[in-house]
Amino acid sequence: MSHPESYADVFANAITDPDGFWGDAAEDVSWHRAPGKVLDSSSAPFYRWFTGGELNTCHNALDRHVDGGRGDQAALVYDSPVTGTVRTYTYAELLAEVALFAGVLRGLGVGRGDRVVVYMPMVPEAVVAMLACARLGAVHSVVFGGFAPRELAMRIDDARPAVVVSASCGIEPSRIVEYKPMLDSALDLAEHKPGSCVILRREQAPATLVPGRDLDWHEAMAAAEPAGCVPVAATDPLYILYTSGTTGKPKGVVRDNGGHAVALLWSMRNVYDTAPGEVFWAASDVGWVVGHSYIVYGPLLLGATTILYEGKPVGTPDAGAFWRVIADHGVNALFTAPTAFRAIKKEDPSAALLAKYDISSLRTLFLAGERLDPDTYHWATEKLGVPVVDHWWQTETGWPVAANLRGLAPMPIKPGSPTVPVPGYDVRVLDPDGEPCAPGEEGAICLRLPLPPGTLPTLWQDDERYVASYLSAYPGHYLTGDGGHVDEDGYLFVMGRTDDVINVAGHRLSTGSMEAVLAGHPAVAECAVIGVADELKGQVPRGLVVLKSGVDADPGTLRDELVRLVREQVGAVASLKRVDIVPGLPKTRSGKILRKTMRGIADGADEPVPSTIEDAAVLDLLRPVLRSRV
Ligand code: COA
Ligand code: AMP
């Protein structure tokens, strides 16, 4: 086992000699043309990695392994309790599918740099579509299936795709979610009209194809010729992934090809302690960054086997589902969100169902996406008997910022802490004046520039917003949006967002987008959405609305209507179940709504009343509403 000293050395090396450190890591990637430069600071603060280099990410994820003798090894196992299907794709089979679908896209005119929006459930074709884009040098933008047409339309208008790839439906335990009608209405709403849509028709729901625009996946595949890999610049975009910011407009996080491949490969070995040929399971969704990095690219770049699970931790069919998948496929590392374990613990508190399965293949449980509460940490540790590793990162970074580096230098675990900064990330906790906080003192968690490879170089066609959102608060630093502290031993503690982004069941959502929907209702004068603590989901949103004077609607009907509107316009995943009609909202004298104060009160904290409050009586009136849980 390595010693923590080696962590300190490696960490220092990555910061003081990024060229040497990442130059060495880049040797694990297969380059069409070797990079001329490792870190390119010529356009700082827009740092670039591996300029001059050319590669193809799909080649590195598939062809390279087939050429190297892994053709018959399982690349992807699709395990779908909701359809009763288990299907294994070897590397050779996955490559054949991807090359063919790349041929479909090429036939539709998609080439290097063109965008393709993928709006799909957890089916292998989603992975095939992503890798096919990478093969052509096209840029995919996957939109999570739980988002509603309006959200999809916003992303289509920003990414301006040549093609949309979708499916007739997704399958949730309680219902079939018809994707195709949602896609159709998104395309009606969007100003940008893609040339074609390729639709995977699943037997659980029919889909009506629009003649001249929509193609059936299988028919298109039957008629296609396989396409080869198109080498692209290391700095060319591989994908855009939209994530929630504080406003209703999602941020288009850009990922490049070269830095991404180098960083993910490095993380698979050093953070996740996974070797080629081992089985890695990220129980997430391809629509989130965890799915991009650790269902699709990380394991495949490494030559591991990845699991694509179309099911839930509970209810498909029971709270033993995760143990069943681990046992059936010999999973070595599982990565999921704490909320999944809270759901299992709630249904099966003694983990009695574990006795039915042999999960001895499992070496490590990795958890991220939201704060890991100590109860869940202790429960998982006790029941599984393997290290439970909290680690912290975000869509923007694409791979872990702080972790217990299981492959490089495992360290003692402190519950509540994702351990230490990962080499490459110069984590600083800053006070409001930009000065470093003392150990134990809370501040804004920032990353000193440059960020390591694999992190966002900018926002899609919006350099200005990139600088304004991330780089302007503390010059020379990237603002993560999370607050926390570092303890005397250098362990990081992440306490939560300092902005209006919330985390619902490990899903990152913007209160701003929900507020935009509530504010759009003709009866609403003003509104606020806050995230309040929830035992299962970590946080859930709650809406507070003030009605326009003279509005004489039945409060119950209006509340239901507002809940329904958010579900229809943001998506079921928002899980907004409660809206209260209130006489007023507490504000500062300059008119800013005191969301943080309301959130604290709702969570039962002894929240101080800010000195800047305009009218403390408004807040007093709200207290009982905020505290009530019914
Ligand atoms: N397509 C369409 N609808 C979706 C969807 C998808 N891909 N994913 C979720 N939804 C819907 C659900 O059906 C549900 O709708 P409902 O209000 O009609 O019940 C709603 O969105 C909320 O879904 P979810 O957040 O999954 O809550 P849940 O109550 O159905 O399940 C958990 C709770 C904890 C079991 C579930 O959140 C879970 O498995 N979380 C794992 C965490 C995770 O994957 N995080 C990703 C980051 S690592
Ligand atoms: P996303 O961009 O969807 O991955 O969400 C990122 C956000 O989730 C972070 O900014 C944090 O607020 C939160 N988060 C992710 N992992 C952790 C963790 N291990 N501990 C605390 N918060 C986390």
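This short talk walks through the two ligand sites, one helix pair and three backbone features of the structure above.

Before the details, please keep in mind that this is a predicted model, in which local features need pLDDT of at least 70 and side-chain atom pairs count only at pLDDT 80 or more, while totals for chains, interfaces and linings use all residues. Residues are numbered from 1 along each chain as its sequence is written, chains are lettered from A and ligands numbered from 1 in the order in which they are written, and side-chain values use heavy atoms, with hydrogens and water left out.

Let me begin with ligand 1. It is surrounded by 26 residues, of which Glu-172, Arg-175, Lys-312, Pro-313 and Arg-567 are the closest, where a residue counts as near if one of its heavy atoms lies within 4 Å of the molecule. As for polar contacts, meaning pairs of N or O atoms within 3.5 Å, with the added condition within protein that one atom must be able to donate a hydrogen and the other to accept it, and that residues adjacent in sequence count only if both atoms are side-chain atoms, an oxygen atom of ligand 1 sits 2.8 Å from a side-chain N or O atom of Arg-567. A nitrogen atom of ligand 1 is 3.1 Å from an N or O atom in the side chain of Tyr-179, and a backbone N or O atom of Gly-145 is 3.4 Å from a nitrogen atom of the ligand. Of the 940 Å² of accessible area that ligand 1 has on its own, the protein covers 84%, by the Shrake-Rupley method with a 1.4 Å probe, where for residues only the protein chains shown count as cover. The shell around ligand 1 divides into twelve nonpolar, seven polar and seven charged residues; here Ala, Val, Leu, Ile, Met, Phe, Trp, Tyr, Cys and Pro count as nonpolar, Asp, Glu, Lys and Arg as charged, and the others, Gly among them, as polar.

Turning to ligand 2, we find 15 residues around it, with His-391, Thr-395, Asp-482, Arg-497 and Arg-508 the closest. Arg-497 places a polar side-chain atom 2.8 Å from an oxygen atom of ligand 2, whereas the backbone of Gly-369 has a polar atom 3.0 Å from a nitrogen atom of the ligand. The protein covers 94% of the 490 Å² of accessible area that ligand 2 has on its own, and its shell comprises four nonpolar, five polar and six charged residues.

Next, the helix pair. In α2, Phe-21, Trp-22 and Ala-25 meet Val-262, Ala-263 and Trp-266 of α9, contact meaning heavy atoms within 4.5 Å. The residues of this contact are six nonpolar, no polar and no charged.

Finally, which residues does a cis peptide bond join with omega of about 10°? They are Ala-44 and Pro-45, and a second cis peptide bond, with omega of about 0°, joins Thr-316 and Pro-317. Pro-45 lies in the loop between β1 (39-40) and β2 (48-49), helices (H or I, at least four residues) and strands (E, at least two) being DSSP runs numbered from the N terminus. Pro-317 lies in the loop between β17 (305-309) and α11 (321-329). Gln-461, although not a glycine, has a positive phi of about 50°.
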